[in-house]
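Reader: I have a model open on my screen and I'd like to learn how to read it. Could you walk me through it?

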Amino acid sequence: MPAEAKTVRLRRALLPAPLSRFALPRGMSILIAFAAFSVVLIGVGEALSPGYASAANMLQLLKLSSFLGIVSIGQTLVILAGGIDLSVAWVLTGAAFAFTTVTRGQNSGILTGLLAALAVGAGVGAVNGVGVAKLRISPIVMTLATNSIMQGGTLVVTSGSPLGVPDLVRATATGSVGPLPTMTLIWAALTAVVVIAVAMTSGGRKLLAVGENPRASFLSGIDNDAVTIFAYTLSGVAAALAGVLFAGFSNTSFLGMGDQFVLPSIAAVVLGGASIRGGRGGYGGTALGVILITLLSTDLLMGNISPGLRNIIFGLALIGAVLSHKLLLRGESE
Amino acid sequence: MRGVWLSRLRLEENWPVLTFVALLLLDVALKGRFSRFDLQTLCANALPLALISFGQFFVVLTGGIDLSLGPISSVAGSCAALLLARDMTTGFAVALLAGAAAGLGNGLLVVRFALPPIVVTLGSMSVWQGVALLILPNPGGEVPPELSDFLSSDYGVPTSLAALALAWLAASWVTSTRFGLHLRAIGDDETAARMSGVAVPRVKTAAYVLAGATAAAGGVTLAIATSSGSPTVGDDYILLSVATVVLGGVSLGGGVGNALGVVMGALIVTIIGSLLYFAHLSSFYQSIINGVILLAVVASPSVRNWIGLQFRRLRHAG
Amino acid sequence: MLALHNLSKRYGVTEAVKSVSLTARPGSVLGLVGENGAGKSSLIKMIAGVEQPTAGHVALDGGALTLRDTNDALRHGIASVFQELTLLRSLSVQDNLLLTDGPRHAWRSLNRRQGRSVAVEVLRRYELTMAPDAPVRALPLGAQQMLEVVRAVERRPKVLLLDEATSALGAHEVEWMVRLVERLRQHGVIMLFISHRWDQIVRFSTRVAIMRNGELVGEADTRTLSEADAIQLMTGESFEASFPRRPPAGDEIVLRARDLHSSALRGVSFDLRRGEVLGLGGLIGQGQGALLEALFGAHPLQSGTIEMAGRTLRLANPAMAIRAGLAYVPQDRKTEGLLLDKSIRVNMTLAILRRLAGIVGFIDREQEQTLVAAAIERLHIEARSPQDRVQTLSGGNQQKVLLEKWLQTRPVALLLNDVTRGVDIGTKRQIYNAIAACAAQGAAVILYSTDTLELVGLARRVLVFKEGRVNQSLAGEAITSQEIVRASLVRGGADARRVA
């Protein structure tokens, strides 16, 4: 019996009778799962370090999440389009270095620096898109290769020496507007834009169409290649933006600063309920996934859990999340 | 005239070997020599990558991918570094069993629950990275000097070359069996394979188990070569193993590829590193070159098709 | 002896097979005929183990069988060949034949040399001329089908099921099949054979069972049953009545195709008039689908011209074709036509996004809602809401959503590729009405159908294809099922070279 049928049977076996036949709309299940998990994680956090569950701390956590959140915007778009972006690590780092090199720590250079950074992101993203769409290179290989090239390129061009960051950017990344951290506001605004764009514009429809069924999309008059290239370009831009802001937060650009974002960004997308094969999901779920990941990471850090155990728990959590998605969501073809 | 010569070379199938030979000639030309020691070093450096990449090869043949092979090799290497000194048999056995068990975990999740391999192995990658850190928080352990000496010695034929050849033969043997044929069948069309009588769940799970064990062998080799274990040594190999199989002509979509290509891929990557080292180019350049070569290799079918299309258009117009 | 006892199959609310009972003796070949959606495939799938019956059972030699999958069925001696091939295309013929039991060396490695001899022997025994080393992908479809049949026969089955397994066989290959069937008959094999090709049914089978609407409505000896009688039983009524009245065609030419050449077309020319329904007939794979795709910019043309409104069009992709006023309903709604995971609403508006989206791309929700509601109403699409995922709809309703998606583009020319395939009778009628309405409003329709009755009922002219060109052009009274079938098989005369 094929695996799909087995999964359905397993579901029926695990869940009590009435529940197993009751299939929630996708959005609802994700929200409920998110609420449940975050309550647990926040509870654990509070137990480990009283004061964790305070509003102030929650806002801090949102600020921390925002960098991964911005990177994940790009990753979400690319995965929705049926691909994956493994180059965000060094696009982020490369863009950050471009920024710090151009601005030389001066506020006056910010605009040019930002343009340089975004140009790096958009450029690499476009190359990724062209390679995947026009040259039919597998996304894994394509983005792996550009990541490698960016790694070498950044090191060669800048010699890797960390540079300072203009005050204005540092203030943006670490400061607040009233009670709300600026980064949280930026992330919230971007989230709103992306969620609305995907759900309500023709561009969003095209993205999902290409990701779900390129043939049907092509026969509907959609330019698959253009949509793909656009998605990868946006991913590059998002990574670049995150790089600039993260450099501001860390008060420097440093080698390897992007490595910590690659796999969590993919994990966030999967946690958020999007299908890794493309065509299904949205950024809203990813944003929730980002928050969960941050909650989990901080919990693990506070619990003084050794790095080894942290990794294990993180990995098991990811597998557990995907498994439960599979079992709870009505036996849809994944 | 050129066309005949080119077609005899059968570029389509043989470019991994040809590329390696070209790079080898370049290496010899630059260094002005190719001693037995050079050969031994080349093979010794390529061996761990080849072994881990063989693991990736088996999984990719079925149309999947395994991102956890790097950390699995770290775990195996760490086990080896801790146990080999005490008792060699236990050391080897535990390391290989650990790899097989890890592979079994991957296989069960992918096959029983029909979860996408990339996500499953992303999770298990993290798990095994953690396990490696638990076993050996810092690089250390010790490896019996006899083993390290053995690997770097030369009995008429450098042992590392023999080991590499042995690994290649073993992988070739696997692909020549019915099991190997079934791996390819699953990668070609899983549904058709099932309808044709292939025991898909069993074969697919076995692919992941085999991959884990092979990667573990690679990890043990690394530990012996460096005379110590390290919890993070395998991390580089996560993506490097994917690049190696692609360079070796294996298709990520499944169903296509052979063991010789994988060996060539590993040798190509290794020799590029050695060339750059010799040219005093920092390892930064290695990343760029690896990336460019990877792209050149995967883009070439499309580029060739495009060139062919342009020629055909010109011919029709004329 | 194979016996079916009250076999039934229900998919959700649809009863695909309603309590079918029949028997087949050893050495008999039973042809199963009926229109699209009559239940033939579902019936065969239950015997093959692909589907489980919701009621009734299959019995072989007196013993009732519960078949969980095809391997189970094989163990009981039931082998099946479906339209979807189970060959591994990147492997060689030899590997496909010996996939699970090829000869091995002592050390478990496959003995390729011995395997080759075995393969050569098998091919010789079945009179196949393909090379054992050839990758299956490189073989023409007819050869692949023959290989697929051979693989099934090699299992020495007691029962052989063939579901549209011979659609691509040429005349020569059909003779091969006849000889094979004869050999199997002599060995006492029971064969069930589904085909929409009456000519093959007549050649291969001794008896015929006719299905309509999920029920078995008749059984007869093939030799005594005429095609007309079979058609009568299949449709159950005078088929004139199930088709809407053909609207008169205008004179204005909306599309002019001249000398189209491609990998599948060898010089096709025709004019298409306003309000006309132009039928494409002929055996499967003779270029009809390729023509439709070429007109839609989805199949590259090597030479030839397409003119609309006096301008020569260069259709490099479907987007350009849509802008020129063409619409194409593809053959496979699941893999080519619909986004199964998306709602009816999203699917229906996918081709008219430009019209619905304002600046920046925001979709006009209100306009969309009204539009979709009206469409659901018009075609009687059965669904709880426009938000329902298309995957949850029945085949007929899915096809209606797909058709409506293209009607929304208000096309000048509507291209239909086997639009009633796998659709129940009721839906078919609704689709025919929609096509007629479309034509009445001035659109031109090109209708490719594997169902000759449809061509007879709807089209004013039929171009019968053979080997990539128009073999014969039939018009008016000359359009009959027999004429279409005859023109599909026999080489055409001077007729073929004229502009149709």
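**Reading domains, a chain contact and a sheet**

Author: Sure. Keep in mind that this is a predicted model. Let's begin with domains: the assignment for chain B gives domain 1 (35-280) and domain 2 (284-318).

Reader: How many Å separate the centres of domain 1 of chain B and domain 2 of chain B?

Author: Taken over C-alpha atoms, the two centres are 30 Å apart. As for where the domains meet, seven residues of domain 1 of chain B are in contact with seven residues of domain 2 of chain B. On the domain 1 side, helix H12 (235-247) and helix H13 (259-278) of chain B each supply at least two residues.

Reader: Which element gives the largest share of that domain 1 side?

Author: That's H13(B), with four residues. By class, the side of domain 1 of chain B that touches domain 2 of chain B has six nonpolar residues, one polar and no charged.

Reader: Now for contacts between chains. How do I get a feel for one?

Author: The size of an interface is often given as the accessible area lost when the parts come together. Here, let's go by residues: the contact takes 41 residues from chain A and 39 residues from chain B.

Reader: Which elements of chain A give two or more residues to the side that touches chain B?

Author: Look for helix H1 (3-14), helix H7 (139-158), helix H13 (262-271) and helix H15 (307-328) of chain A. H15(A) brings the largest share, 14 residues. Sort that side of chain A by class and you get 24 nonpolar, eleven polar and six charged residues.

Reader: Okay, on to sheets. What is the strand order in the open sheet of chain C?

Author: Read across the sheet, strand by strand. The order of its six strands is E16-E17-E18-E13-E19-E20 (chain C), and the pairing is mixed.

Reader: Why is one side of strand E16 and of strand E20 of chain C left without a neighbour in the sheet?

Author: Strand E16 (326-329) and strand E20 (469-475) of chain C stand at the edges and have a single partner strand each, so one side of each has no neighbour in the sheet. From one strand to the next, the twist averages 20°.

Reader: Can you show me one strand pair up close?

Author: Take strand E13 (residues 277-282) and strand E18 (residues 444-448) of chain C, which run parallel and are joined by four bridges. For C:Val277, the bridge partner in E18(C) is C:Val445.

Reader: And which strands does helix H17 of chain C touch as it packs on the sheet?

Author: Helix H17 (residues 425-440) of chain C touches E13, strand E17 (413-417) and E18 of chain C. Its direction makes about 145° with that of E18(C).

Methods. Residues numbered from 1 in each chain as written. Chains lettered and ligands numbered in written order. Predicted model: local features only at pLDDT ≥ 70, side-chain atom pairs only at ≥ 80, totals over all residues. Contact = placed C-beta atoms within 7 Å. Nonpolar A, V, L, I, M, F, W, Y, C, P; charged D, E, K, R; others polar. Domains from an automatic or database assignment. Pairing = 2+ DSSP bridges. Axes fitted to C-alpha atoms, helices over the stretch in contact; angles between N-to-C directions.
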